[in-house]
Number of protein chains: 2
Amino acid sequence: MSDLCVGLPDSKLPILYDSSEHVERNKGEILFEDVDPATHIFNIQEGSITLYRMGPSGQRQILGFLFSGDLFGISPGESYGVSAEACADTKLCRWERNKFDDFLVLFPAMGRQFRLIASKSLAQSLDLAFALGRLNAEQRLAAFFIHLNERQAEMGAGPNQVSLPMSRSDIADYLGLTIETVSRGITKLKKKGLINLIISDYIEFLDKEALKELAEGA
Amino acid sequence: MSDLCVGLPDSKLPILYDSSEHVERNKGEILFEDVDPATHIFNIQEGSITLYRMGPSGQRQILGFLFSGDLFGISPGESYGVSAEACADTKLCRWERNKFDDFLVLFPAMGRQFRLIASKSLAQSLDLAFALGRLNAEQRLAAFFIHLNERQAEMGAGPNQVSLPMSRSDIADYLGLTIETVSRGITKLKKKGLINLIISDYIEFLDKEALKELAEGA
DNA sequence: CGTTGCCTTGAAACATTTCAAAAGTCGTGG
DNA sequence: CCACGACTTTTGAAATGTTTCAAGGCAACG
């Protein structure tokens, strides 16, 4: 159940587990919408989720791609404030907010762990804001690939590759671009010899250092 | 001491207070840099702070303007990850991370309150990401004015005005624009009859509803 | 009253978007 | 196994919004 239970005595795990509900969503199905009352905290067991917000003219901004182990549904208000959709067939578990809150009070180690996770979410969204505000298309793509690569490496993937399970349209909506600009950006990175596009959803890094520099905004 | 102590029994306040240190910074002085070890949690008593990140080519992205009562310094890693600078003469207090963590465990009400504050920070940075990713210059300005207006209204300001204590350069670096584009955007909003620029750092809303719609991305 | 710093305005350059079409991928059925 | 159609990705050319570079206006200050 993610990193949430690090440091939690094993004897308490069943309590946490018993109070959770299991939920499943197929690819493309919606888990909740931004205006829905924020009743639960979710944890991904398998699959992936996109968090996004829609503008009134149909602009979609994806605010995060989440994977196994990620926790979400954290909100300060009545509603979630973001929508969540399954980006692949996904298994989750969820807790009622109140119950979850009780756990955090009951098990201080879990409270600490929760703060760590929440601050990671914050750090990630600051990374995104920096990318959207101050990086050009090519740099945003580099940052995205490096970010995904690190996330996938944690899950056992190789150090010089990245797979893109999401569509160009999803990537575009995450990076604040259009699919055409994403496509052109990938082509540019290829022509510069930084990456190799094996197939449209699998990239090999040819010069990871240069990619990292680009990603920082060089 | 901000909203952090809501629900905390008065008898505990001195403990919290005693363990804090007071810090002052004059306008323009740096409080910490992104690479500094994240040793403290800060709370603003008076004044304002900008959180920002610098790119290697000198690009500055401001990630937040913070005011009295705001809490910051939350980070998942060893370092702060963002830099903090006084945007006006500012008085703060700070706690050592470890001690602060102890309080959160000791006083569950404070833990809850902290989670609320942390999730507000997250929500704000998601708002910023949406603005940077999917709004044009005019819309970003509208969103910024509405946001500041709400923040200032909480502190007792009128409902149809906003003061801009920060420079055009700060606004530009927050909205991912240049000062020229900010200036032109303000002019456009003026010409459309949505705002009135009384002086360069004080704006009156002439059509707040239209402004809000723009801010949402209409 | 001139200097300094910040804000505004103008014109050309640039990056990204928009619109349009071609190329590639995938599953289905002949 | 190839052919077909639907869908996604890539490429091209024109349009658009923002940036860059340059100059002018304005207020504060000595």
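**Exercise 1.** In this predicted model, find which element supplies the largest share of the surface near DNA strand D.

*Solution.* The largest share of that surface, four residues, comes from H6(A). Looking next at both chains, we find that H6 of chain A and H6 of chain B each supply at least two residues of the surface near DNA strand D. In total 15 residues surround this strand, and the closest are A:Arg168, A:Thr187, B:Ala137, B:Thr181 and B:Arg184. Sorted by class, the surface comprises three nonpolar, seven polar and five charged residues.

**Exercise 2.** Determine which parts of DNA strand D the protein approaches, beginning with the atoms within 4 Å of the protein.

*Solution.* Of these atoms, 61% belong to sugar or phosphate, while the rest belong to bases. On the phosphate side, a backbone N or O atom of B:Thr178 lies 3.3 Å from a phosphate oxygen of DNA strand D, and a backbone N or O atom of B:Gly176 lies 3.5 Å from a phosphate oxygen of that strand. On the base side, a polar side-chain atom of B:Arg184 lies 2.6 Å from a base oxygen.

**Exercise 3.** Identify the element with the largest share of the surface near DNA strand C, and then locate polar contacts to a phosphate oxygen and to a base nitrogen.

*Solution.* For DNA strand C the largest share, four residues, comes from H6(B). Turning to individual contacts, an N or O atom in the side chain of B:Ser183 is 3.0 Å from a phosphate oxygen of DNA strand C, whereas a polar side-chain atom of A:Glu180 lies 3.1 Å from a base nitrogen of DNA strand C.

Technical notes. Residues are numbered from 1 along each chain as its sequence is written. Chains are lettered from A and ligands numbered from 1 in the order in which they are written. This is a predicted model: local features need pLDDT of at least 70, side-chain atom pairs count only at pLDDT 80 or more; totals for chains, interfaces and linings use all residues. Side-chain values use heavy atoms; hydrogens and water are left out. A polar contact is a pair of N or O atoms within 3.5 Å; within protein, one must be able to donate a hydrogen and the other to accept it, and residues adjacent in sequence count only if both atoms are side-chain atoms. A residue is near a molecule or strand if one of its heavy atoms lies within 4 Å of it. Ala, Val, Leu, Ile, Met, Phe, Trp, Tyr, Cys and Pro count as nonpolar, Asp, Glu, Lys and Arg as charged, and the others, Gly among them, as polar.
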